[in-house]
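Please find below a short note on the model under review. The points concern strand pairing and nonpolar packing.

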Amino acid sequence: PSTTWTPGSGHALAILASFGAVDPALAVQNVVGPGVKPPITTPIADTNIAVSAGAIVTSDGSGNSVTVTNTQSGAADALSIDASILMGNIFNSSTLLGTRDGIDIRSALGTLGGPGFVAGAIINTGLIQGTAESGIELLNSALDGGIQNNGSAAVIRGGTGGILFGGTSAVEGGIVNEGLIEGTAGDGIDFQSAIVTFQGNITNA
């Protein structure tokens, strides 16, 4: 079905209901839409994970749409959410390492009918790193659950900025940091655009 997007509206839930049930979680690297897809797991070390073309990824019993428990690394982005929806969290307890971004959530400007949209949080207890650009980048997209960098060993690092918000983006839930968020050649947290809507606190424990 065709969709329109309003940050924080819960519209993704209505989209999901219109598709019906899906299969249990699968270990996959490329999830291509359109349509509802099962949660993503990482039982072995592997290369990049890409979710694209209007995929709607459901969540598991823990509320996670993507669960990273083994290293995922490779060229470009370690995890990319391109014009697609995650109904739950991105949970990383291992390593997401990309030559560009660690996590890249995006849609092209002007295509808000199919944005990168995460209905949950990004929860990290391991390493999220983008060698050339950002540890986490949100561009023309929405993140409803904020970012939690949990524990003294948790690291979000980018070659430029640690976390970058750009374009027409919306963030709810704030940022909680108990570990390290850093940009090797830039800021730890970078609001690159004047039209980023941010709701919540930034807490550095």
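The numbered points that follow take the sheets in turn and then the nonpolar cores.

1. The coordinates under discussion are those of a predicted model. The remarks below should be read with that in mind.

2. One open sheet is built from 7 strands with parallel pairing, in the order S2-S5-S9-S13-S17-S21-S25. Its edges are held by strand S2 (30-32) and strand S25 (189-191); each has a single partner strand, so one side of each is left without a neighbour in the sheet. On average, and with direction ignored, neighbouring strands of this sheet are turned by 5° against each other.

3. At the S2 edge, the pairing with strand S5 (residues 49-52) is parallel and comprises 3 bridges. Within this pair, Asn-30 has Ala-50 of S5 as its bridge partner.

4. Further into the strand order, strand S9 (residues 79-82) runs parallel to strand S13 (residues 103-106), and 4 bridges join the two. Here Ile-81 is placed opposite Ile-105 of S13. S13 also pairs with strand S17 (residues 136-139), in the parallel sense and over 4 bridges. In that pairing, Arg-106 faces its opposite residue, Leu-139, in S17.

5. An open sheet of 7 strands is also formed in the order S3-S6-S10-S14-S18-S22-S26, with parallel pairing. Strand S3 (35-37) and strand S26 (197-199) are the edge strands, each pairing on one side only. Strand S10 (residues 85-86) and strand S14 (residues 117-118) are joined in the parallel sense by 2 bridges, and Leu-86 stands opposite Val-118 of S14.

6. Which residues have the most contacts inside the largest nonpolar core? They are Ile-90, Ile-103, Ile-122 and Ile-147, in a core of 30 residues. The elements giving two or more residues to this core are S5, strand S6 (55-57), strand S7 (64-68), S9, S13, S17 and strand S21 (163-166).

7. The surroundings of Ile-122 deserve a separate entry. Leaving aside residues up to four places away in sequence, Ile-122 touches Ile-90, Ile-103, Ile-105, Ile-128, Ile-136, Leu-143, Gly-146, Ile-147 and Gln-148. One of these contacts, Ile-105, is the residue that stands opposite Ile-81 in the pairing of point 4.

8. Another core, of 7 residues, lies apart from the largest one. Its members include Ile-56, Met-87, Ala-142 and Ala-170.

Terms used:
Residues numbered from 1 in each chain as written. Predicted model: local features only at pLDDT ≥ 70, side-chain atom pairs only at ≥ 80, totals over all residues. Heavy atoms only, no water. Pairing = 2+ DSSP bridges. Axes fitted to C-alpha atoms, helices over the stretch in contact; angles between N-to-C directions. Core = buried A, V, L, I, M, F, W, Y, C linked by side-chain atoms within 4.5 Å. Buried < 20%, exposed > 50% of the residue type's maximum accessible area, 1.4 Å probe, protein only. Contact = heavy atoms within 4.5 Å.
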